[in-house]
Structures are given as C-alpha cells and as structure tokens.
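Me: I should be grateful for a close look at a single part of this structure. Please set out how that part packs against its surroundings, and then place it in the chain as a whole.

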Amino acid sequence: NHVPNHLREKVKCSAWKTPGFRLTETKLLLDDFNLSPLVLADIANTVGGIPGKIASIRRSLQSGISAASLERDLPKSLDGLFGIEWGAVDFGNELQTKVLALLAFAKHKMTSDAISRIVRSDVTAVLDSVRHLRFIRVGSEDAGLSYASNSFRDFAATRLSKHKKQSVEQI
C-alpha cells in the first residue's frame with residue numbers, strides 16, 4: 001500500500017507467484033530412480049513444483065522406498081510425503097524417539113553433545129539412533145542436529161505431541 005492512489009488507478013497490479021520446478025527439472029532430480037513418465041508428471045503436478053516436496057520424495061526413494069511402492073501410494077499432500085519418510089522411525093527405539101522429540105520441540109539449535117547429556121547417553125549412540133533417517137541433518141564437528149526443514153520439524157512435532165511436555169522440561 002505504498003503506491004499513491006492516483007497511480008493505483010492507472011497501474012494494474014496482481015500477486016506474483018514464485019515459479020517452481022517444471023516437469024523437466026523434476027525429471028532431472030528423480031531421473032536415477034526409474035520412475036515412469038506418467039508418475040513423474042503426477043509428482044510434478046501433485047507437489048506443484050515446490051522444490052522441498054520434490055526433495056522429500058527423493059529422500060524417500062533414497063531411503064529404500066521402492067519406485068513401485070511410491071507409484072502405487074503417491075500421496076496427495078505434504079503430510080503424506082513426510083509420512084512416507086516418517087515410516088523409517090522406530091518407535092521401539094526409546095533413544096531415537098527422545099532425540100526426535102527434543103529436536104522437534106527445541107526453540108534453538110541443539111548439538112549432539114547437548115542432546116546426549118539430556119538423554120543420558122553417549123554422543124555416538126545419539127548420532128547412530130538418527131543417522132539413517134533422511135529427514136535429519138547431522139552437522140559436521142557437532143554443528144548440531146536438525147530436521148531437514150522447518151516444515152518437517154512441525155510435522156514431527158505433531159506426530160510426537162505426547163512427548164512435548166517431557167521434552168520441553170528437559171530442554
């Protein structure tokens with residue numbers, strides 16, 4: 001609303017939509033997974049060219065989800081995409097669950113050293129509990145552990161809501 005009124009009447013304005021990846025870029029990113037052209041087009045249309053969603057699909061395929069499984073169960077929402085990756089979480093692994101909950105509810109970056117003190121485990125065990133999860137980023141030289149994106153952290157917080165009180169108290 002910084003445009004003077006006399007100019008607003010003369011100049012037609014509309015919202016600018018940030019361009020996303022086109023089908024060709026989506027194909028390039030997912031080319032090494034042997035997805036059919038029809039599925040690649042469906043992915044591009046489903047995620048609307050949003051790079052983060054395409055990256056989530058790529059991480060799912062890298063973590064062992066078969067192309068056939070992805071093709072059969074292609075989700076229609078971001079939660080569905082994150083849910084595919086979330087399937088790698090072992091809720092029987094108490095340490096992993098605690099680490100994921102701490103990362104989900106922390107208001108600041110957390111180092112593996114700080115997390116290990118909170119959960120009373122050694123750093124190696126903490127790192128080993130989450131290293132295979134594609135949505136967790138492990139920084140070099142204890143730069144910290146984090147979710148791949150804020151959106152994924154929010155998704156995890158929803159999934160781990162029953163651990164919120166304990167996690168917040170420990171942080």
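The part in question is helix 8: what do the buried residues of helix 8 pack against?

Reply: The buried residues of helix 8 pack against helix 7, helix 9 and strand 2. The model is a predicted one, and the description below should be read accordingly. The residues of helix 8 that count as buried are S112, A114, I115, S116 and V119. After helix 8 comes R120, which has a positive phi, near 55 degrees.

Two of the partners of helix 8, helix 7 and helix 9, also pack against each other. Helix 7 covers residues 94-105 and helix 9 covers residues 123-130; their axes lie 9 Å apart and cross at an angle of about 85 degrees. Helix 7 is therefore roughly perpendicular to helix 9. On the side of helix 7 the contact is formed by L95, Q96, V99 and L100, and on the side of helix 9 by A125, V126, S129 and V130. Sorted by class, this contact comprises 6 nonpolar and 2 polar residues, with no charged residues.

The same region can be followed into the nonpolar interior. The largest nonpolar core holds 28 residues, and the members that touch the most others are W86, L100 and Y147. At least two residues of this core come from each of helix 6 (78-86), helix 7, helix 8 (112-119), helix 9, strand 2 (145-147) and helix 10 (150-159). Helix 7 makes the greatest contribution, giving 8 residues. In soluble globular proteins, nonpolar side chains tend to be buried together. Setting aside residues up to four places away in sequence, L100 touches W86, V89, V130, L133, F135, I136, Y147 and L160.

Apart from this core lies another, of 13 residues, which includes L30, V39, L40 and I43. L35 offers a view of the surroundings of some of these residues. L35 sits in the loop between helix 2 (23-30) and helix 3 (37-47), and it is buried, with a relative accessible area of 9%. Beyond its neighbours within four places in sequence, L35 is in contact with L30, L40, I43, L61, A67, L70 and E71. One of these partners, A67, is 32 residues from L35 in sequence, yet the two C-alpha atoms are 6.1 Å apart in space.

A charged residue also merits attention. R59 belongs to helix 4 (residues 51-62). R59 has a relative accessible area of 11%; because the cut-off for burial is under 20%, R59 counts as buried. Its contacts, not counting residues up to four places away in sequence, are E85, R134, F135, R137 and A148. F135 appears among the contacts of L100 as well.

It remains to place these parts in the whole chain. The protein chain contains 11 helices and 2 strands. Read from the N terminus, the order of elements is α-α-α-α-α-α-α-α-α-β-β-α-α. The chain has 171 residues, of which 35% count as buried. Among contacts with a separation of 6 or more, 64% join residues 24 or more positions apart. The exposed area of the protein chain is about 10,600 Å², and carbon and sulfur atoms supply 52% of it.

Technical notes:
Residues are numbered from 1 along each chain as its sequence is written. This is a predicted model: local features need pLDDT of at least 70, side-chain atom pairs count only at pLDDT 80 or more; totals for chains, interfaces and linings use all residues. Side-chain values use heavy atoms; hydrogens and water are left out. Axes are lines fitted to C-alpha atoms, for helices over the stretch in contact, and angles run from 0 to 180 degrees between N-to-C directions. Helices (H or I, at least four residues) and strands (E, at least two) are DSSP runs, numbered from the N terminus. Angles under 35 degrees count as roughly parallel, over 145 as roughly antiparallel, 65 to 115 as roughly perpendicular and the rest as oblique. Contact means heavy atoms within 4.5 Å. Ala, Val, Leu, Ile, Met, Phe, Trp, Tyr, Cys and Pro count as nonpolar, Asp, Glu, Lys and Arg as charged, and the others, Gly among them, as polar. A nonpolar core is a set of buried Ala, Val, Leu, Ile, Met, Phe, Trp, Tyr and Cys residues joined through side-chain atoms within 4.5 Å. Buried means under 20% relative accessible area, exposed over 50%, partly exposed in between (1.4 Å probe, protein chains only). Accessible areas come from the Shrake-Rupley method with a 1.4 Å probe; for residues, only the protein chains shown count as cover.
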